[in-house]
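Trainee: Could you take me through the second largest pocket in this one, and then show me how a neighbouring topic, helix packing, looks in the same model? I'd like a close look rather than a tour.

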Amino acid sequence: MKQTLRHVHPLAWTIIIGTMFGRLVTSMSIPFLSIYLTKVLGASPTQTGLTIAVSSLAGVSISFYGGYISDIIGRKKVMLVSIFSWALVFVGFAVAGHLWVFLIVNTLNGLCRAVFEPTSRVLLSDITPAEHKLLVFNLRYAAVNLGVVFGPIIGLQLGSAKSTFPFLIAAIIYIAYGLVLVLQFALHGKNLPARSVSKAPRLREALAVTSRDRVFLPILLGTIFCVLGYGHFDSTLAQYLALNTHFADGGKAFSYMLSLNAITVLVVQYPVVRTARHFPPVVPLILGNICVVAALILFGLAGGLPLLMFSVVLFTIGEVLLFTMMDMLIDRVAKPEWKGTYFGTIGFNGIGSVMAPILGGLLLDHLGPEHGLAIFIPLALMTALGLPFLLTAHRRLTARERSINLQYVLDRKC
């Protein structure tokens with residue numbers, strides 16, 4: 001294992017460690033935003049849902065272009081511009097005092113995230129040998145959750161549900177992350193794989209390639225519903241706990257649930273991934289969707305912390321199955337010359353993140369937070385709509401790979 005870790009590129013380590021600190025500071029602030037808007041600014045659940053949703057909407061709008069542009073002008077320029085812009089966005093959160101300002105700043109937050117994160121994942125793919133990619137993608141995912149273990153607890157102590165001060169800390173950390181990336185690109189930039197502009201597709205061609213891919217398209221459609229289910233954790237569930245008088249301190253309970261979510265990821269990630277890597281590549285996403293559906297129903301049934309905490313564990317197992325294997329699946333499906341485009345296009349599954357807070361906010365407004373089952377069962381059923389698409393992708397990918405292997409055997413015989 002130690003020998004394998006030594007083969008991880010220094011830039012990859014920078015992204016992994018930077019991701020850990022980045023998620024630490026954002027999990028101190030962003031997950032509490034819906035509670036802050038509801039409790040401090042007095043926004044309705046629907047208004048809060050729309051304000052939260054614009055981040056994902058902006059991300060969906062630009063994520064394709066982020067991957068596409070990085071294929072043309074290079075990962076370095078895209079990552080540096082987006083990370084320093086992101087730091088300024090966090091300053092904007094810290095000084096915002098009106099709902100419309102949060103709406104604008106959260107839109108910019110989504111733009112920066114949608115450009116930086118797909119590009120950083122593509123760079124990880126570029127600089128990592130094939131035999132180490134699963135390790136590196138999972139190190140990054142572990143880093144995300146290591147940051148989220150402590151972030152919500154620190155955020156609770158800093159009063160993130162009542163103050164925007166933690167966003168200033170996020171800005172400082174992202175500036176530091178950007179400066180380290182500048183240094184690492186200066187030291188190792190010459191050794192990066194060359195990007196060929198001539199191989200980068202034109203936009204219309206890129207859209208045609210991904211939309212006509214009979215395996216990738218149902219994966220994209222299926223994961224929209226997976227992300228829809230996952231998106232209720234930070235939005236609908238947070239507001240549900242904050243507004244439901246049955247829970248004495250919903251904000252505090254939610255911060256503990258966020259930390260339990262991250263701890264569970266760290267505990268189960270290795271055994272789950274070790275087991276799931278032996279499955280056909282789309283099967284982990286199918287199982288993950290089922291776990292998230294079941295957890296959403298249990299959230300609606302829960303009358304106290306014990307069942308809520310069990311539901312978080314089940315939800316987290318679904319999350320691990322969905323997101324630890326997704327990067328490897330896209331890397332496997334993507335055509336090499338369009339890899340950045342594929343990673344960018346999968347960002348369109350963020351449509352689910354756009355829908356989640358809006359749908360959840362509307363249900364909370366019309367039904368009231370005391371009707372848990374009436375809120376979460378429809379959300380669970382909508383999440384389950386991803387299963388037919390994922391099953392289709394599984395069948396098509398199995399047939400494609402069987403055909404490729406058969407062709408390889410025939411070519412060798414010739």
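Mentor: Sure, let's start with what the walls are made of: sorted by class, the second largest pocket is lined by 8 nonpolar, 7 polar and 4 charged residues. Keep in mind that this is a predicted model. The pocket has a volume of about 300 Å³. Of its 19 lining residues, the ones closest to the centre are Ala161, Lys162, Asp249, Gly251 and Lys252. As for who supplies the lining, the elements that give two or more residues are helix H3 (33–39), helix H7 (133–158), helix H11 (236–243) and helix H12 (250–276). H12 gives the most, with 3 residues. Step back to the domains and you'll see that both take part: domain 1 (8–187) and domain 2 (201–413) each put at least three residues into the lining of this pocket.

Now for the packing. Have a look at helix H13 (residues 283–301) and helix H14 (residues 305–333), whose axes come within 8 Å and cross at roughly 155 degrees. Anything over 145 degrees counts as roughly antiparallel, and H13 and H14 are therefore roughly antiparallel to each other. As for handedness, H13 passes H14 in a left-handed crossing. The residues of that H13 and H14 contact split into 22 nonpolar, 4 polar and 1 charged. Set that beside the pocket lining, with its 8 nonpolar, 7 polar and 4 charged residues, and you have the make-up of both places to go through on screen.

Terms used:
Residues are numbered from 1 along each chain as its sequence is written. This is a predicted model: local features need pLDDT of at least 70, side-chain atom pairs count only at pLDDT 80 or more; totals for chains, interfaces and linings use all residues. Side-chain values use heavy atoms; hydrogens and water are left out. On a 1 Å grid over the protein atoms alone, a cavity is a set of points where a 1.4 Å probe fits but cannot get out, and a pocket is an open set with protein on both sides within 12 Å along at least five of seven lines; lining residues have an atom within 4 Å of a point. Grid points are joined across faces, edges and corners, and a volume is the space filled by probe spheres set on the points. Helices (H or I, at least four residues) and strands (E, at least two) are DSSP runs, numbered from the N terminus. Ala, Val, Leu, Ile, Met, Phe, Trp, Tyr, Cys and Pro count as nonpolar, Asp, Glu, Lys and Arg as charged, and the others, Gly among them, as polar. Domain bounds come from an automatic or database domain assignment. Axes are lines fitted to C-alpha atoms, for helices over the stretch in contact, and angles run from 0 to 180 degrees between N-to-C directions. Angles under 35 degrees count as roughly parallel, over 145 as roughly antiparallel, 65 to 115 as roughly perpendicular and the rest as oblique. A crossing is left-handed if the near helix is turned anticlockwise from the far one by less than a right angle, and right-handed if clockwise.
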